[in-house]
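The following exercises are intended to be worked through with the sequence and the coordinates at hand. Each task is followed by a solution in steps.

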Amino acid sequence: MSPLEASDECVLTEECIDQYLWSVYERAPKVDTIKVEERIKVTVEKNGKSRTVTKTVTKFVNEDFTWKDPDAAEKAGMSVAQYVIGGMDPGFKVRLYRLFRALDDAGLAPGMTSGFRDDYRQSIASGNKALTGNSYHGGSRRGGYGHGLAADVVSVKGETRSERCSSSDRMWKWIDAHGEEFGIGRPYLDKDPPHIAPNDGKEYADKRGIDRKLAEKEAATGPRRESGQIASSRSSARSGT
């Protein structure tokens, strides 16, 4: 089933929602840019003498992680669809359905690169990530299978990766502006731009709740003498993420 074939009545049937979300997952390329450290030997000259030293160089390379979900699904004895889509919280899936439908209608062509992750799948994830069991994608300390409360989303609009990156930036800004209508937000903003979660969940509250409440208070009351306390609270909130 393609996204455009899914009707609004899908919110009444879990099977139809799952089919739609699977179609959104399938159309997203599973490619990311990761940091790779490489140790190289270079020759340096000091005081007229040459010597060889080892230097660490950081490179950004493309990684195809298409294999990771099938590998985790096979380990769990499931199809990829049962694993990735079935492992998410039912209420969150309804929110995702409504959000993705709206993004499709807005011409932003959403694609989901990651849904449910168990501890094994989290352990083979790359880049910035939660501890293996702590992932809100479905880690064992967050409820496990059937309780995944996070997804990673990008736009598949564009012929080249550069064009899709630009489209993704526009899509994430759209989610920031309209996500509250669907009960979804980006807990980490540009620290982890594709990551979305329920905006009334613990993850969002932990990462965004304190700053948001302080911003609303400042907007309502204006700067006051306790501004130093506010700055200190913000610093504490960041250090706790």
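**Exercise 1. The chain as a whole**

Among contacts in the chain between residues at least 6 apart in sequence, what percentage join residues at least 24 apart?

Solution. The model is a predicted one, in which local features need pLDDT of at least 70 and side-chain atom pairs count only at pLDDT 80 or more, whereas totals for chains, interfaces and linings use all residues. Residues are numbered from 1 along each chain as its sequence is written, and side-chain values use heavy atoms, with hydrogens and water left out.

Step 1. A contact is defined by heavy atoms within 4.5 Å. Of the contacts between residues at least 6 apart in sequence, 55% join residues at least 24 apart.

Step 2. The chain has eight helices and six strands; these are DSSP runs (H or I of at least four residues for helices, E of at least two for strands), numbered from the N terminus. Their order from the N terminus on is α-β-β-α-α-α-β-α-β-α-β-β-α-α.

Step 3. Of the 241 residues in the chain, 38% are buried, where buried means under 20% relative accessible area, exposed over 50%, and partly exposed in between (1.4 Å probe, protein chains only).

**Exercise 2. The sheet**

Determine the strand order of the open sheet of four strands and identify the strands at its edges.

Solution. Step 1. Two strands pair if DSSP finds at least two bridges between them. The order in the open sheet is β3-β4-β6-β5, and the pairing is antiparallel.

Step 2. The edges are formed by β3 and β5 (184–185); each has a single partner strand, so one side of each lacks a neighbour in the sheet.

Step 3. At one edge, β3 is joined to strand β4 (residues 151–155) by four bridges, and the two run antiparallel. Met-112 stands opposite Val-153 in β4. Five of the five residues of β3 (residues 110–114) are buried, so this strand is largely enclosed by the rest of the structure.

Step 4. At the other edge, two bridges join β5 to strand β6 (residues 195–198), again in an antiparallel arrangement. Ile-184 has Pro-198 in β6 as its bridge partner.

**Exercise 3. Packing of helix α4**

Describe how α4 packs against α1 and against α6, giving angle, axis separation, handedness and contact residues.

Solution. Step 1. Axes are lines fitted to C-alpha atoms, for helices over the stretch in contact, and angles run from 0 to 180 degrees between N-to-C directions. Helix α1 (residues 14–26) packs on α4 at an angle of about 55°, with the axes 10 Å apart. This makes α1 oblique to α4; angles under 35 degrees count as roughly parallel, over 145 as roughly antiparallel, 65 to 115 as roughly perpendicular and the rest as oblique.

Step 2. The crossing of α1 past α4 is left-handed, that is, the near helix is turned anticlockwise from the far one by less than a right angle, a clockwise turn being right-handed.

Step 3. From α1, Glu-14, Ile-17, Asp-18, Tyr-20, Leu-21 and Val-24 meet Lys-93, Val-94, Leu-96, Tyr-97, Phe-100, Arg-101 and Asp-104 of α4. The residues of this contact divide into eight nonpolar, no polar and five charged. Here Ala, Val, Leu, Ile, Met, Phe, Trp, Tyr, Cys and Pro count as nonpolar, Asp, Glu, Lys and Arg as charged, and the others, Gly among them, as polar.

Step 4. Helix α6 (residues 161–178) and α4 pack at about 125°, with axes 12 Å apart; these two helices are therefore oblique to each other. α4 passes α6 in a right-handed crossing.

Step 5. Leu-99, Ala-102 and Leu-103 in α4 meet Met-171, Trp-174 and Ile-175 in α6. This contact comprises six nonpolar, no polar and no charged residues.

**Exercise 4. Lys-93**

Is Lys-93 buried or exposed, and with which residues is it in contact?

Solution. Step 1. Lys-93 is found in helix α4 (residues 90–105). Its relative accessibility is 2%, so Lys-93 counts as buried.

Step 2. Leaving aside neighbours within four places in sequence, Lys-93 is in contact with Glu-14, Ile-17, Asp-18, Leu-21, Ile-85, Gly-86 and Met-88.

Step 3. The C-alpha atoms of Lys-93 and Ala-150 are separated by 9.8 Å, and the two residues are 57 residues apart along the chain.
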